[in-house]
Amino acid sequence: MELKVIDSKGQVSGSLAVSDALFAREYNEALVHQLVTAFLANARSGNRAQLTRAEVKHSTKKPWHQKGTGRARAGMTSSPLWRGGGRIFPNKPDENFTQKVNRKMYRAGMATILSQLVRDERLYVIEELSAATPKTKAFAEQVKNLGMDQVLFVTKQLDENVYLSSRNLPNVLVLEAQQIDPYSLLRYKKVVVTKEAVAQLEEQWV
């Protein structure tokens, strides 16, 4: 199949022949969901912590007599049933959220996402992505000329000027081909890939 190649003004200037295995794969919603869920889960830091009934600050004094008050019996205020008491199954910092995705599944999922981006006309190809100077204003104007406001750029090798120019733009992200992930591909409205990056993606995933 062929992908649209655009110029610096966002106009279609040609086409590029690419692999059907990577850019014309049938959509698999369940697989894409599993990839994104695993990616977000693996990104969790696991730094939340709650206290057990032994760890909360409390008095060991019995709140009231066992019998005669008409109320339910209670031994300590640290009971999980009490407000301010400990948790029965508390979250701890060593909790493991990682999810494993097999290599073949990951490759198939990435191909599925790229193929769907092509079908939705959200993926474009450009000759190259460069910046003469590390100026955010100039790069923002370059993105505006493409007619895009929320865009992911994929390059074979990240240029320092491009990185410095784009890092303060909230709706623009520049990644190398080997760094792309399923969440970023789906998050941005448009994905612009350089010709060199397309070749590298085919080498990686086909």
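A residue counts as buried under 20% relative accessible area, as exposed over 50%, and as partly exposed in between. The exercises below apply this and similar cut-offs to a predicted model.

**Exercise 1. Classify Lys92 and identify its salt-bridge partner.**

Step 1. The relative accessible area of Lys92 is 26%, so Lys92 is partly exposed.
Step 2. The partner is Glu55, and the closest N and O atoms of this salt bridge are 3.0 Å apart.
Step 3. Glu55 and Lys92 both lie in the loop between α2 and α3, so the pair ties together parts that are 37 residues apart in sequence.
Step 4. Glu55 has a relative accessible area of 42%, and therefore Glu55 is partly exposed.

**Exercise 2. State how many salt bridges the structure holds, and describe the one formed by Arg48.**

Step 1. There are four salt bridges in the structure.
Step 2. Arg48 meets Glu95 in one of them, with 3.5 Å from N to O.
Step 3. Arg48 and Glu95 are both placed in the loop between α2 and α3, so their pairing ties together parts 47 residues apart in sequence.
Step 4. Arg48, at 35% relative accessibility, counts as partly exposed, and Glu95, at 32%, also counts as partly exposed.

**Exercise 3. Compare the expected span of helix α3 with the distance between its end C-alpha atoms, then examine what follows the helix.**

Step 1. Helix α3 covers residues 103-119, which is 17 residues.
Step 2. The expected span is 1.5 Å times one less than the number of residues.
Step 3. This gives 24 Å for α3, and the end C-alpha atoms are 24 Å apart, which agrees.
Step 4. Among the buried residues of α3 are Met110, Ile113, Leu114, Leu117 and Val118.
Step 5. Glu121 follows α3 and has a positive phi, near 55°.
Step 6. Glu121 also forms a salt bridge with Lys4, with the closest N and O atoms 4.0 Å apart.
Step 7. Glu121 lies in the loop between α3 and β3, whereas Lys4 lies in strand β1 (residues 2-6), so the pair ties together parts that are 117 residues apart in sequence.
Step 8. Both ends of the pair are partly exposed: Glu121 at 46% relative accessibility and Lys4 at 39%.

**Exercise 4. Determine whether the ring pairs Phe39–Tyr183 and Phe139–Phe153 are stacked or edge-to-face.**

Step 1. The structure holds four aromatic pairs, and these two are among them.
Step 2. For Phe39 and Tyr183, the centres are 6.3 Å apart and the planes differ by 20°; the pair is stacked, because planes under 30 degrees apart count as such.
Step 3. Phe39 belongs to helix α2 (residues 29-42) and Tyr183 to helix α6 (residues 182-187), so the pair ties together parts 144 residues apart in sequence.
Step 4. Phe39 is partly exposed at 31% relative accessibility, as is Tyr183 at 35%.
Step 5. For Phe139 and Phe153, the centres are 5.9 Å apart and the planes stand at 70°, so this pair is edge-to-face.
Step 6. Phe139 lies in helix α4 (residues 136-145) and Phe153 in strand β4 (residues 151-155), so the pair ties together parts 14 residues apart in sequence.
Step 7. Phe139 and Phe153 are both buried.

**Exercise 5. Identify the nonpolar surface patch that includes Tyr183, and the charges that sit over the rings of Phe97 and Trp64.**

Step 1. Phe39, Leu40 and Tyr183 make a nonpolar surface patch of about 250 Å².
Step 2. Over the ring of Phe97 sits the charged end of Arg44, 3.7 Å from the ring centre.
Step 3. Over the face of Trp64 lies Arg71, at 3.9 Å from the ring centre.

Terms used: Residues numbered from 1 in each chain as written. Predicted model: local features only at pLDDT ≥ 70, side-chain atom pairs only at ≥ 80, totals over all residues. Heavy atoms only, no water. Helix = DSSP H or I, 4+ residues; strand = E, 2+ residues; numbered from the N terminus. Buried < 20%, exposed > 50% of the residue type's maximum accessible area, 1.4 Å probe, protein only. Phe/Tyr/Trp six-rings, centres within 6.5 Å; stacked < 30°, edge-to-face > 60°. Lys NZ or Arg CZ within 6 Å of the ring centre and 35° of its normal. Patch = residues over 30% accessible without salt bridge, like charges linked within 9 Å, V, L, I, M, F, W, Y side chains within 5 Å. Areas by Shrake-Rupley, 256 points an atom, 1.4 Å probe, with all protein chains shown as cover. Salt bridge = Lys/Arg side-chain N within 4 Å of Asp/Glu carboxyl O.
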